[in-house]
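Reader: Could you take me through one helix of this protein in detail, and then show me how the rest of the chain is arranged around that part and beyond? I'd be glad of one connected account that I can follow with the model open.

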Amino acid sequence: MAVIHFDSYTEARTHLKALLDAAERGCVATVRRESALTALVDVERLRHNLAMGIPSRAEVVPEADGWSIFIPGLPVAADGATFDQPQ
């Protein structure tokens, strides 16, 4: 796996396109800023990996006018006229 690393924020800013391109390709992309090391990752890859590690426990229920989905214990919900088209 390819790795791209910049030892300073200034260097990373100068090469921002290369840094973002590497993250989007799934490469290890890091920037050091003083004593902190930060990793960049493509948002879809992050969502996928988080979803694989933590099941959602989402519940889907039919209602009179369609469907509702919610996650117990979290303020997350959606509803829709059909199962495939939440609003």
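**A close look at helix H2**

Author: Happy to! Start with Lys17 and Glu24, which are exposed on the other side of H2, the side facing away from the buried residues Leu19, Ala22 and Ala23. Exposed means over 50% relative accessible area, buried under 20% and partly exposed in between, with a 1.4 Å probe and protein chains only. Before we go on, please keep in mind that this is a predicted model, in which local features need pLDDT of at least 70, side-chain atom pairs count only at pLDDT 80 or more, and totals for chains, interfaces and linings use all residues. Residues are numbered from 1 along each chain as its sequence is written, and side-chain values use heavy atoms, with hydrogens and water left out.

Helix H2 covers residues 16-24, and its buried residues are Leu19, Ala22 and Ala23. Because they span an arc of only 100° around the axis, they sit on the same side of H2; the arc is that of the directions from the helix axis to the C-beta atoms. The general reason is that an α-helix has 3.6 residues a turn, so residues three or four places apart point the same way.

What does that buried side pack against? The partners are strand E1 (3-6), helix H1 (9-14), strand E2 (28-33), strand E3 (36-40) and helix H3 (43-53). Contact here means heavy atoms within 4.5 Å. Helices (H or I, at least four residues) and strands (E, at least two) are DSSP runs, numbered from the N terminus. Just past the helix, H2 is followed by Gly26, whose phi is positive, near 90°.

Strand E2, one of those partners, is a good place to look next. Thr30 is found in E2 and counts as buried, at 12% relative accessibility. Setting aside residues up to four places away in sequence, Thr30 touches Leu19, along with Ile4, His5, Phe6, Leu37, Thr38 and Ala39. Val31 is also placed in strand E2, and a relative accessible area of 9% makes this residue buried. Leaving aside its neighbours within four places in sequence, Val31 is in contact with His5, Phe6, Ser8, Tyr9, Ala12, Leu19, Ala36, Leu37, Thr38 and Leu40. If you compare the two lists, you will find Leu19 of H2 in that of Thr30 and in that of Val31. By contrast, the C-alpha atoms of Val31 and His48, 17 residues apart along the chain, are separated by 23 Å.

Following the chain out of E2, you come to Glu34, in the loop between E2 and E3. Glu34 counts as exposed, at 76% relative accessibility, and its phi is near 55°, a positive value in a residue other than glycine.

Farther along the sequence, Pro75 lies in the loop between strand E5 (66-70) and E6. With a relative accessible area of 85%, Pro75 is exposed. From C-alpha to C-alpha, Pro75 and Leu40 are 28 Å apart in space, and 35 residues apart in sequence. Phe83 belongs to the segment after strand E6 (77-80). Neighbours within four places in sequence aside, Phe83 is in contact with Val60 and Trp67, while its C-alpha atom is 9.6 Å from that of Val61, 22 residues away along the chain.

Now step back to the whole protein. There are three helices and six strands, in the order β-α-α-β-β-α-β-β-β along the sequence. The radius of gyration is 20 Å, well over the 12 Å that the globule rule gives for 87 residues, so the protein is more spread out than a compact globule. That radius is taken over C-alpha atoms, and the rule is 2.2 Å times the number of residues to the power 0.38. Along the principal axes, the C-alpha atoms fill a box of roughly 60 × 25 × 25 Å. Buried residues make up 17% of the 87 residues. Finally, among contacts between residues at least 6 apart in sequence, 20% join residues at least 24 apart.
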